[in-house]
Amino acid sequence: MKLEAKEVTGAGRLFRHYVDGSFVDTATTFADVNPVDGTVVARVCEADEQTVDRAVRAARAAQRGEWERSTPAQRAAWLHRIADGIEARFDDFVEAEVADTGRPLVQARTLDVTRGIANFRTFANLIVSAGSECFETHAADGGEYMNYVMRKPLGVVGIISPWNLPLLLLTWKVAPALAMGNCVVAKPSEETPGSATLLAEVIHEAGLPRGVFNLIHGHGPNAAGEFLTRHPGISAITFTGESRTGSTIMKTVADGVKDVSFELGGKNAAVVFADADFDAAVEGVLKSSFTNAGQVCLCSERVYVERPIFERFVAALKARSEAIRVGAPGDPDATMGPLISRRHREKVLSYFRLAVEEGATVVTGGDVPLFGDARDDGAFVQPTIWTGLSDTARCVTEEIFGPVCHIAPFDGEDEVIGRVNDSAYGLAASVWTTHLARGHRVAKRIQTGIVWLNAWFVRDLRTPFGGTKLSGLGREGGRHSLDFYSELTNVCVRIA
Ligand code: NAD
């Protein structure tokens, strides 16, 4: 099968939309910039309203075609074929992810692309074994009835994803949406169009009926993202990104009473009790604060350490964070890459300045590393640790989304739970303790969608994922995804 997108890969390449089974371009383009050194990776087509409309119409038409009659086993086979396709082009996906984000190669290999494959396989396996409820009902009229629940696709799902884990977060939504028999119009972040375009190529090669999967590139407000959320042909929107954007999307879809699933921002806490395995807690918090340069929604930017071990913990985390090697993906020793863009770096640096104004002690970092080469044109910052801020400081309450944490001492279980919960967000928390009952007790009282005990970032894709408060709406993962991506119809049958 001819693969149009390949014609333009390599130097001077152009990332195009994938609409109704073909790669199409639009006149307006924007630059895809590598945050390691500011070079342009590719030009990207910006979808206009007409292109978004074509994509939604194509998806609606496909919904009424052979896709509607497909069986779960057939869709599972397609999902496995897509996973096979990603596996076959594993290195291309790694390269695309690294070019867009500048992250260490090892992360793109072991996390991003690997999870992209796992997302398709997980939902392929789940869909073939998904059942539904059935109740035997004895009514007042003496009749006997069976109530059973039928799962149907929603229709066309609009998917809008962010830049921080581009392939992982996009496929986390595409896979269950297709598994449930929906058609999709997906818009990846304008910062990371590369791996999404490769995914469209793989889906094309897998032979999915045309129109089932559509990809549009472009920006959010008053652009492709908003055109998609405003489109009356969309049945539901699933979105991962900033809480503020989620709120805007919610207003946009309110008139049409569209279903939404939101995975939003966080200001996550790590809580270290004095009885914790000290070294494991230091390593755990190091990971939870600095993985992916702090650009994971689950990262902990607030760290609470019980007073008897506070000074020792701060010193240990400082030493470990100063051993993080910041550098380009090609550097085999680099464990942290740049931020996604100079624009995002400006935001993070504004918090670095604000922390000082708010009275923070800068334990380490707080600045931009200087390399003396092309990386100085990139978007790097130093891993940064603060102490000494009040719980109401903006740096302790607002999501920064960079490699930074504030460490504060605490004096007891009730106190720390109150401080952890006193947040506008409620995505995740990690608790470090060897006291078994305390761990469960604290997990029960923390108001977040996810709690890790003596762990961080371990994900079983069958478990519910999502946040409370400003961190989101609904849960995805396992059967929770299948629930979101399906319309449930109850059928009541008189049997006697
Ligand atoms: P963002 O909200 O700026 O953008 C996300 C996506 O929304 C992009 O594709 C963007 O183009 C689009 N968009 C922006 N404005 C829009 C509008 N008005 N209408 C429609 N679409 C619009 O977020 P980001 O900066 O790309 O990502 C970082 C944020 O994502 C952080 O807040 C992070 O915590 C959050 N996040 C949450 C999770 C989670 O699972 N809870 C996971 C990853 C990232």
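Two strands count as a pair here if DSSP finds at least two bridges between them. Keep that cut-off in mind for strand 1 and strand 5 (residues 40-45), which pair in the parallel sense over two bridges. One of the contacts between them is easy to look up: L14 has R43 in strand 5 as its bridge partner. Bear in mind that everything here comes from a predicted model.

**The chain as a whole**

Let's step back for the overall picture. The chain holds 15 helices and 23 strands. Its radius of gyration is 24 Å, close to the 23 Å that the globule rule gives for 496 residues, so the chain is as compact as a globular protein of that length. If you want a feel for the dimensions, the C-alpha atoms fill a box of roughly 70 × 70 × 40 Å along the principal axes.

Of the 496 residues, 58% are buried. Looking at contacts with a separation of 6 or more, 74% are between residues 24 or more positions apart. On the outside, the chain exposes about 19,700 Å², and carbon and sulfur atoms supply 52% of that. As for charge, there are 52 positive and 62 negative ones, and their mean positions are 3 Å apart.

**Sheets and strand pairs**

In general, strands of a sheet pair through backbone hydrogen bonds, either parallel or antiparallel. Strand 1 and strand 5 belong to an open sheet of three strands, in the order 1-5-4, with mixed pairing. Its edges are strand 1 (14-15) and strand 4 (29-33), each of which pairs on one side only.

Strand 7 (residues 144-153) is a good one to follow next. Strand 6 (residues 134-138) pairs with strand 7 in the antiparallel sense, over five bridges. You can find H138 opposite E144 of strand 7. The hairpin made by strand 6 and strand 7 has five residues between the strands, and in this hairpin G142 takes a positive phi near 85 degrees. Strand 7 also pairs with strand 23 (residues 486-494), again in the antiparallel sense, over nine bridges. There, Y145 stands opposite R494 of strand 23.

Here are the strand pairs side by side:

| Strand pair | Sense | Bridges |
|---|---|---|
| Strand 1 and strand 5 | parallel | two bridges |
| Strand 6 and strand 7 | antiparallel | five bridges |
| Strand 7 and strand 23 | antiparallel | nine bridges |

**A helix with buried residues**

Which residues of helix 13 (residues 413-421) are buried? They are E413, V416, I417, R419, V420 and N421. So the list takes in E413, R419 and N421 as well as V416, I417 and V420. What covers the buried residues of helix 13 includes strand 13 (268-272), strand 14 (300-306) and strand 17 (404-410), along with helix 14 (436-445) and strand 21.

**Two asparagines with positive phi**

Two loop residues are worth a click. N222 is in the loop between strand 10 (213-215) and helix 7 (224-230). Its phi is near 50 degrees, a positive value in a residue other than glycine. Is N222 buried or exposed? With a relative accessible area of 60%, N222 is exposed.

N454 sits in the loop between strand 20 (450-453) and strand 21 (468-469). Phi of N454 is near 55 degrees, which is again positive in a residue other than glycine. N454 has a relative accessible area of 41%, so it is partly exposed. Strand 21, at the end of that loop, is also among the elements covering the buried residues of helix 13.

Terms used. Residues are numbered from 1 along each chain as its sequence is written. This is a predicted model: local features need pLDDT of at least 70, side-chain atom pairs count only at pLDDT 80 or more; totals for chains, interfaces and linings use all residues. Side-chain values use heavy atoms; hydrogens and water are left out. Helices (H or I, at least four residues) and strands (E, at least two) are DSSP runs, numbered from the N terminus. The radius of gyration is taken over C-alpha atoms; the globule rule is 2.2 Å times the number of residues to the power 0.38. Buried means under 20% relative accessible area, exposed over 50%, partly exposed in between (1.4 Å probe, protein chains only). Contact means heavy atoms within 4.5 Å. Accessible areas come from the Shrake-Rupley method with a 1.4 Å probe; for residues, only the protein chains shown count as cover. Lys and Arg count as positive and Asp and Glu as negative; His and the chain ends are not counted. The place of a charge is taken as NZ of Lys, CZ of Arg, CG of Asp or CD of Glu.
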